[in-house]
Amino acid sequence: MQFERAHNHTWRKIKSGLACGIAFVSAVLVISPLGLVFFYLLVNGAGSVNWDFFTKLPAPVGAVGGGMANAIVGTLELLAFAGVIGIPIGVLGGVYLAEYGSARINSFLRFLADVLNGIPSITWGVVVYGLVVLRFKGFSAYAGGLALGLIMIPLILRTTEEVILLVPNGYREAALALGVSRWKTIVHIVMKTASKGIITGILLALARVGGETAPLLFTAFGNRFWNHSLSQPIAALPLQIFTYAISPYDDWHRQAWAGALVLVTGVFCVNVTVRILTRGRTASVV
Amino acid sequence: MAASIAVEESSVQARMARPSRFGDKAFEWLTLAMALTVVVLVVLIGWQLWRGSTLAIQKFGFHFLTTSTWDPVAEQFGALPFIYGTLVSSLIALLIAVPLGIATAAYLTELAPLWIRQPLVSLIEMLAAIPSVILGLWGIFVMIPWLRDYPFPFLKRFFGWIPLFSGPIYGPCMFAGGIIIAIMILPIITSVSREILRSVPDLQREAAYALGATRWEATRIAVLSYAKKGLFGAVILGLGRALGETMAVTMVIGNTPQIAASLFKPGYTLASVIANEFTEATTDMYLQALFEVGLVLFGTTILVNLLAQLLLRTIAVKSATRAVQ
Amino acid sequence: MENLAMETTERSVIERAEQRSAPPPEVEAPMACTFQVKNLSIWYGEKRAIDNVTLDVASNAVTAIIGPSGCGKSTLLRALNRMHELVPKTRMEGTVLLHGENLYSSTVDPATVRRRVGMIFQKSNPFPTMTIGENVVIGLRLNGVRNQRFLDERLEKSLRMAALWDEVKDDLHKPGTSLSGGQQQRLCIARALAVEPEVILMDEPCSALDPIATAKIEELINELKAQYTIVTVTHNMQQAGRISDYTAFLYIGRLIEFGPTTKIFTNPSEKQTEDYITGRFG
């Protein structure tokens, strides 16, 4: 009897250990693609990331060498344009949700923003195609930037709202009690206090849309040369990687790996910056 | 001296600008207008997709969803292969990602040593940050050759008698698409599940431990069963992402509009047919049909997301969804 | 020297009060009064927080509002500079006169009221993104004062009045949050003084402080009443006894008793007041 109970207990212990083991293996499996992707990016891409890559235009088919200078600049231009649209709308919209409005309407708007965040990014490409490309008869940097900017709006809106809600009410009251008007209190006290969090949200959104390809396929379209006018098609790093990856040429494949390495490095740099920023934020707000 | 101080004093209030109600009103209206863009955007997407596909909707009607001919030359368009491909690849992804994601979430909140938790969470957030196109690139050149050489022949040898694993192995195929989607949605399923498990009150755990439960028993009885509804929400949220995943899938799924029993055969999804053929759509009807595919995709993801949001509503998972969006 | 300055400011405050409005007819109140609260009732939604309160707040004196928690002390205090309006769905009846001027008249902007009636909060709240110096003058700055020389003057004067100048004069560029709890609270007092209000409301200003810091604030309150009218909420009875000239006892939104502190504490006329003060409930 005694023995049996002990035996039962051991079995339960073993089962518990086994479950822990399985969970551990799952965790390893989940993060293994990260390591594998990074490993192959370095192996296949590092060799082709050189001075030419950052300064030259793509080489014609068959010619060796060339770079992605136009695509890198193009991505930055697109991000700048997207930021002009997405940042003010997202930030101010987030301010509204956090500071004004009735609970009912706000939860509805919040809900819509979450739904928008779940919409496939290619949908935005189709919509902007109908809205801009068809209307103005051509692919353009404007269209690409708009598509990315629209994606940013709900992302930034939600993060801004969240960090503004974290600002203790005492600061609002202190400013209002000095006879400062509501909007100045929000802009100079509340938003300033939450600025690190707001910037974090903006950076994350930029990093996210900077790696987007689908919304650019038929808006920015891509360009093998420099873009001289925002109403012309423009190259972007993720687009170029896609074009090269599905091409049949080995040299282009190498360029695709190099481009991917550069893009991932950029995205990860932003993420690390954000991590450092947020560490500061939690310290100062709490 | 004294008199001048008195003047200074009384002028403090006088020096301040008169408060203006206009500034307050203007700022409130401005921010309201910005917040309302989310409504505008939802309406805009629906309206644009609808307008872009009216002709196709009129011409094909309900048959668009139920026929499987996709022939741009003859202008016959049926989206069934894409719907099928989207559903099957998403299902494969969920079958892989849900157990792994929830197990990892349980590991992160309940079972793992404390020092390992934060680094693991950071790594998962990094995985979420990898752009889809880069995962696709890796899929084409690393994952597919490996799948083709090792696991697929193995599956075929032992399970070839099941139609799912029969037929020739090409490389790009439905199965590969499902796996790449699984990798894409693992971070969100894991993070949201983790948030949900964290929101389980400690009282639950303590009660289980007090009854002499082992670590796993406490996790299973007290935590996982308590969080069932929320975890289901996480899965649905993952499904929403899976349905709309575009670039990586387009690069590995093979892009052939067919409905085949074997997972080793190429497939096509709603998102990837848009990505692939949109710029090639030479005729109006072709473009219309692609807009309608977009409409179907939009409608489906919006419904799935609505469901997920409703399921997750009561639980504070905001920060998790943000981190991995 | 300091005495002289104090006298002049005192005079100027009174002069200003007289300029602003004709002195209210003082029939019943023997003392000069800053606030006249008449039949004030306040509701939060359906809940009545203040029930028909009438009282006069004496100028250049400390008035303490005491009562068990939830009795409406803070609401009454906040009604004096319209801060209670920040809570959605509040409704009020009655009038609050500041030197005879109705604070709630439709032509009065709450911002103007709050400039004249400053407030100190339970938890010190210097703005975390600003230096000590910026914290003090932020009220003036955001209210449109640009003259740097004037701001510098106000900075020093306010910090001196808050008895903080000597401690921080070399650290004005350091963050306001780098100060100790008691110093932070005095910084908040300096911030409120910088816009030169007529009244300072204090909502349990010492409840988060240690005894030494509390003593300093109490001393400061005692000095400030020469120039300002002070209304403070406290649930520390000893403190009310130490610092206040008048005491109002509030219970479930009703003003039970109001009078000179010495009388309230030694010879209250209401049974409830006596019970509360002797610690029988609360």
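Two strands pair if DSSP finds at least two bridges between them. That rule underlies the views below, which show a predicted model.

**View 1. Chain C as a whole.** Chain C holds eleven helices and ten strands. It has 282 residues, and 47% of them count as buried. Contacts often link distant parts of the sequence: among contacts in chain C with a separation of 6 or more, 70% join residues 24 or more positions apart.

**View 2. Strand 3 of chain C and its surroundings.** Strand 3 covers residues 62-66 of chain C. Is this strand buried or exposed? Five of its five residues are buried, so the rest of the structure largely encloses it. The cut-off behind that word is 20 or more other C-beta atoms within 10 Å of a residue's own. Cover comes on both faces of the strand. On one side sit C:V62, C:A64 and C:I66, all buried. On the other side sit C:T63 and C:I65, also buried.

**View 3. The partners of strand 3 in chain C.** Strands of a sheet pair through backbone hydrogen bonds, either parallel or antiparallel. Strand 3 of chain C runs parallel to strand 8, residues 229-233, and four bridges join the two. Look for C:V62 here: its bridge partner in strand 8 is C:I230. Strand 3 also pairs with strand 9, residues 246-251 of chain C. This pairing is parallel too, over four bridges. In strand 9, C:T247 stands opposite C:A64.

**View 4. An open sheet in chain C.** Four strands make up this sheet, in the order 2-1-4-5. Their pairing is antiparallel. Which strands stand at the edges? They are strand 2 (47-58) and strand 5 (101-102) of chain C. Each has a single partner strand, so one side of each lacks a neighbour in the sheet.

**View 5. Strands 1 and 4 of chain C.** Strand 1 spans residues 33-44 and strand 4 spans residues 90-98. The two run antiparallel, joined by eight bridges. One pair to find is C:W43 and C:R91, with C:R91 in strand 4.

**View 6. Where chain A meets chain B.** On chain A, 75 residues are in contact with 75 residues of chain B. Which element of chain A gives the largest share of this side? Helix 1 of chain A, residues 2-45, supplies 18 residues. By residue class, the side of chain A that touches chain B has 52 nonpolar, 15 polar and eight charged residues.

Notes
Residues are numbered from 1 along each chain as its sequence is written. Chains are lettered from A and ligands numbered from 1 in the order in which they are written. This is a predicted model: local features need pLDDT of at least 70, side-chain atom pairs count only at pLDDT 80 or more; totals for chains, interfaces and linings use all residues. A residue is buried if 20 or more other C-beta atoms lie within 10 Å of its own, exposed if 12 or fewer, and partly exposed in between; C-beta atoms are placed from the backbone. Two residues are in contact if their C-beta atoms, placed from the backbone, lie within 7 Å. Ala, Val, Leu, Ile, Met, Phe, Trp, Tyr, Cys and Pro count as nonpolar, Asp, Glu, Lys and Arg as charged, and the others, Gly among them, as polar.
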